[in-house]
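This report is meant for a reader who is meeting the structure for the first time. Please look over the sequence and the model before reading on.

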Amino acid sequence: MVNVAVLGYGTVGSGVVKVIDTNHDSILEKAGVDLNIKYVLDLRDFPDDPIQEKIVHDYEVIVNDPEVSIVVEVMGGVEPAYTFTKRALMAGKSVCTSNKELVARCGTELQQLAKENHASYLFEASCGGGIPIIRPLRTSLTADVIDEITGILNGTTNYILTKMIEEGLEFDDVLKDAQQKGYAERNPEADVEGHDACRKIAILSSLAYGKRVDFTDVYTEGITKITSSDIVYAKKMNKTIKLLAYSSRQGDQVMAMVAPYLVSKEDPLYAVNGVFNAIFVHGNMLGDAMFYGQGAGKEATASAVAGDVVEEAQMLGTGVVSSWKPEKQVLTDVSSTEKPFFVRMKGDALEKENLEKVFGPIKVIGAGLEGEFGFVTEKMSEASYQERAAKVDGIIGMIRVREK
Ligand code: HSE
């Protein structure tokens, strides 16, 4: 029997207990591991829940119990999750987590610590919720050179954008509705400003390209500036708007960014709606592959965590090798990256000739909105776009266009 302790009986923690209890026999049959939840750490008591007999309030009970082989950290946040994880690994216990903030900040150190102690530190649920993406990147795709990852990695923003598009609503109204329904956090800043997607693309890029990508280096824009007028133009162009987390590698050069993009109907990411996530990966031999599924939610996320528990249980005593090099991957400045830009302008389309003197050939998009029009530029670098945009008055907004 392999004893497991779960840190935190919140949404994901209670989901992990549910998955391991419900699927105990099938896990035993398929994977040959007999899992037992021995403790659940939480500050609260749950008198009406059978879990109460396993609840402990003191982490010392868990870390000092030699019978506990695996610790599931689903507390979220950096502290005390970091200290608890470190102590568990130093005691030779394997740890798995859904905590993207901790993995993005301290994943390099914690994986190293796991290795030194012949234990594992796994984090499948930190990116894409229930979608298997970490394991494919560190096992199935190791023979490939991955040169691009593009993900819809945040369910909250994808839900908000989908609602804005389907119902023509404004950002603030959808956000309020999403908060009331419990889809968006009370403090939604990390989601809507793109920070959550930024941490996830940093983790995926570190794994795919082999060196530590610092999330603080990733250029990040959120969706707070997207309006219902942008949606009108997007529809006119047969496109939708998605918050994309993107990274690519050419030789030693890696770039990464998070920003809203116009995505065309032909793009497989177009149809990823609501709280669903998708991760598109390109490898030099593989070509294109896309991973799709529920990016958040109790059971889906818990299923990914429980998959890590099973793998760790099978590898007790040796540990799962799962790591990128600790050296920092210096990122290429996004200003050199090229794409077309969609621009909204005050005025009327008669100004096309003057605008083309600045931007080169443009395609004017009329969406019937009073006192404004839109246009799409040809492909140019971010730096070149910024330089040209500074020469004209009346720009209302800009959205990048994904080419696929
Ligand atoms: N807040 C995250 C999201 C939860 O909306 O995708 C899953 O990481």
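## A buried aspartate

With a relative accessibility of 6%, Asp 230 counts as buried, because buried means under 20% relative accessible area. The model from which this value is computed is a predicted one, and in it Asp 230 belongs to helix 11, which covers residues 228-236.

The side chain of Asp 230 is joined to the side chain of Arg 344 by a polar contact of 2.9 Å. Arg 344 also appears among the residues in contact with Asp 230 once neighbours within four places in sequence are left aside, together with Lys 225, Ile 241 and Ile 399.

## Around the ligand

Which residues are found around the ligand? They are Lys 100, Asn 154, Gly 155, Thr 156, Asp 191, Asp 196, Lys 200, Gly 295 and Ala 296.

For three of these residues, the distances to ligand atoms can be described in turn. Gly 155 places a backbone N or O atom 2.8 Å from an oxygen atom of the ligand, whereas in Thr 156 an N or O atom of the side chain lies 2.6 Å from an oxygen atom of the ligand. In Asp 191, a polar side-chain atom is 2.9 Å from a nitrogen atom of the ligand. The ligand taken alone exposes 260 Å², and the protein buries 83% of that area.

## Aromatic rings

A search of the whole structure gives 10 aromatic pairs. In one of them, the ring centres of Tyr 9 and Phe 46 are 4.9 Å apart and the ring planes stand at 75°, so this pair is edge-to-face. Tyr 9 lies in the loop between strand 1 (2-7) and helix 1 (11-22), while Phe 46 lies in the loop between strand 2 (35-41) and strand 3 (55-56), so the pair ties together parts that are 37 residues apart in sequence. Tyr 9 and Phe 46 are both buried.

Elsewhere, ring pairs link Phe 341, Phe 359, Phe 373, Phe 375 and Tyr 385 into a cluster. A further arrangement involves a charged residue and a ring, with Arg 402 lying over the face of Phe 280 at 5.5 Å from the ring centre.

## A partly exposed loop residue

Is Ala 91 buried or exposed? Ala 91 is partly exposed, since its relative accessible area is 43%, and it is found in the loop between helix 4 (81-90) and strand 5 (94-97). Although Ala 91 and Val 63 are 28 residues apart in sequence, their C-alpha atoms are 7.2 Å apart in space.

Technical notes:
Residues numbered from 1 in each chain as written. Predicted model: local features only at pLDDT ≥ 70, side-chain atom pairs only at ≥ 80, totals over all residues. Heavy atoms only, no water. Phe/Tyr/Trp six-rings, centres within 6.5 Å; stacked < 30°, edge-to-face > 60°. Helix = DSSP H or I, 4+ residues; strand = E, 2+ residues; numbered from the N terminus. Buried < 20%, exposed > 50% of the residue type's maximum accessible area, 1.4 Å probe, protein only. Lys NZ or Arg CZ within 6 Å of the ring centre and 35° of its normal. Polar contact = N/O pair within 3.5 Å; in protein donor to acceptor, adjacent residues only side chain to side chain. Contact = heavy atoms within 4.5 Å. Near = heavy atom within 4 Å. Areas by Shrake-Rupley, 256 points an atom, 1.4 Å probe, with all protein chains shown as cover.
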